[in-house]
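Subject: The structure we spoke about, with notes

Dear colleague,

I am handing over the structure below, and I would be glad if you kept it open while you read my notes.

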Amino acid sequence: MSSPSTLRQRPAALPASRAALGERFSQVRAHSLALASTLDPEDQCVQSMPDASPTKWHLAHTSWFFEAVVLAPHAPEYVPFHPAFARLFNSYYETLGPRHPRPQRGLLTRPTLSQVHAYRAHVDSGVQAFLATGGEAARTAAAPLLDLGLQHEQQHQELIATDILHAFSCNPLLPAWQPQEAPALRLASTTAALRWVRHVGGHVEIGHDGAGFAFDNEQPRHAVLLQPFELADRLVTCGEYLRFVEDGGYARPTLWLSDGWAAVQAQGWSAPAYWLAPGDARAPADGWQVFGPNGVRPLDPAAPVTQLSFYEAAAYAEWAGARLPTEFEWEAMWGAPGIAQMSGHAWQWTRSSYEPYPGFRPLAGAVGEYNGKFMVGQQVLRGGSAFTPPGHARPSYRNFFPPGARWQFSGLRLARGCA
Ligand SMILES: [Fe+2]
């Protein structure tokens, strides 16, 4: 919000690398505010479930991350905005002090949204001042953490979208978050029949190759032995998934993992989250409808299905006579001829549990808590969704969520073994 004026104030002699980093910082920070710009203050305070956070909290937490990880350790002249904000907006960093309980983030009517905007502006100014006047040694030491902070903010930008969508899905009015369908949010559709693309198997190299940014969980790069397999050339569509629903897929326990069937029973699942069955009083028209960022719209049979748990993805694959790919199979097929929709449409559940790669070591310091401590009880998703900021994901990127999570833009791609 204060970025343009901050940029104008930058000394003309600022080295190009610092100017470029400052510009990138401004762009990423501005995008968070742009995402929230169609929301009212009341929208931005609500917390619809413990797993989701208010928009206002996301805006503040991403600022706290820069304050706690970049400015506090490396910019001695920086003065924190408010002494209580570290407690309010620390998410899960045990080494950085006590925290407000996650399920109670929606109770934080104070600070107000305007105070959170002022907090963001304060942190923005602090980072830009550090880039402009900070010593070379301090800036060099902080550069990887600043980069991590930008990647972290981009992750929260997708969470702003998924969390407000969940909040709105709980509102009987089913309001539209984005009144106009923006190109960046449009899910690509396909009417083409599914084709299988073969991989001969053998040893493949998996993980980040060392060029550019990557999270610690994408490393070290290592060899994995694959058996021959085939991967679907595109994502499963809503039309295909509807046939699973109408074939009684949610009433046939033999298709489901035990935990998945228990979730179906306990949660009363009968279709993907945000699908409205024919006759639903909230729907404006007959037939299957889907609630999304643009409100309620008729189900598009050619659009990739999203809002699936891992359990639903696995059950659909079983029904289709196939299986989910491992994360290694998925990565090995990146860029293969004939493969489409690998990124930018929907996150794709894999059959791989979220485990450390051989030789994995968390980052040093507090940011060592970023990924490694979550490596239990979660499944890996690959790809990236229509809500993933452009340029954020990459072939080695590992997203992860508990198998019952349905509020992300998560779909699936089929795989099968072959001789
Ligand atoms: Fe975070």
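The notes that follow go through confidence, helix packing, sheets and a few backbone details.

Please keep in mind from the start that this is a predicted model. The mean pLDDT of the protein chain is 93, and 95% of its residues reach 70 or more. The stretch to treat with caution is residues 1-12, over which pLDDT stays under 50 and for which the model has 20 contacts beyond four places in sequence. Where pLDDT is low, the predicted coordinates should not be read in detail.

Helix packing

You may like to begin with helix α3 (residues 55-74) and helix α5 (residues 113-133), whose axes come within 9 Å and cross at roughly 30°. With angles under 35 degrees counted as roughly parallel, α3 and α5 are therefore roughly parallel to each other, and the crossing in which α3 passes α5 is left-handed. On the α3 side the residues that take part include Leu 59, Trp 64, Phe 66 and Val 70, and among those they meet in α5, taken as a group, are Val 116, Tyr 119, Val 123 and Phe 130. The residues of this contact between α3 and α5 divide into 12 nonpolar, 5 polar and 3 charged.

Helix α5 also packs against α6, at an angle of about 145° and with the two axes 11 Å apart, and the crossing of α5 and α6 is left-handed. Here Arg 120, Val 127, Phe 130 and Leu 131 in α5 meet Ala 138, Arg 139, Ala 142, Leu 146 and Glu 153 in α6. The residues of the contact of α5 with α6 comprise 6 nonpolar and 3 charged, with no polar ones. If you compare the lists, you will find that Arg 120, Val 127 and Phe 130 of α5 appear in the contact with α3 and also in the contact with α6.

Sheets

One open sheet of 3 strands runs in the order β1-β4-β12, with antiparallel pairing. Its edges are formed by β1 (196-199) and β12 (415-417), each of which has a single partner strand, so one side of each is left without a neighbour in the sheet. From one strand to the next, the twist averages 25°. Within this sheet, β1 and strand β4 (residues 229-232) pair in the antiparallel sense over 4 bridges, and Val 197 stands opposite Leu 231 in β4.

Another open sheet of 3 strands has the order β5-β6-β7, again with antiparallel pairing, and its edge strands, β5 (275-276) and β7 (295-298), each pair on one side only. The pairing of β5 with strand β6 (residues 289-292) is antiparallel and covers 2 bridges, with Trp 275 opposite Val 290 in β6.

Backbone details

Most residues other than glycine have a negative phi, and most peptide bonds are trans. Against that background, please look at the peptide bond from Arg 110 to Pro 111, which is cis with omega near 0°, Pro 111 being placed in the loop between α4 (85-89) and α5. A cis peptide bond also joins Gln 219 and Pro 220, with omega about -5°, and Pro 220 lies in the loop between β2 (202-206) and β3 (222-226). Finally, Leu 174, in the loop between α6 (136-169) and β1, has a phi near 45°, which is a positive value in a residue other than glycine.

With best wishes

Conventions
Residues are numbered from 1 along each chain as its sequence is written. This is a predicted model: local features need pLDDT of at least 70, side-chain atom pairs count only at pLDDT 80 or more; totals for chains, interfaces and linings use all residues. Side-chain values use heavy atoms; hydrogens and water are left out. Axes are lines fitted to C-alpha atoms, for helices over the stretch in contact, and angles run from 0 to 180 degrees between N-to-C directions. Angles under 35 degrees count as roughly parallel, over 145 as roughly antiparallel, 65 to 115 as roughly perpendicular and the rest as oblique. A crossing is left-handed if the near helix is turned anticlockwise from the far one by less than a right angle, and right-handed if clockwise. Contact means heavy atoms within 4.5 Å. Ala, Val, Leu, Ile, Met, Phe, Trp, Tyr, Cys and Pro count as nonpolar, Asp, Glu, Lys and Arg as charged, and the others, Gly among them, as polar. Two strands pair if DSSP finds at least two bridges between them. pLDDT is the predictor's confidence in each residue, from 0 to 100.
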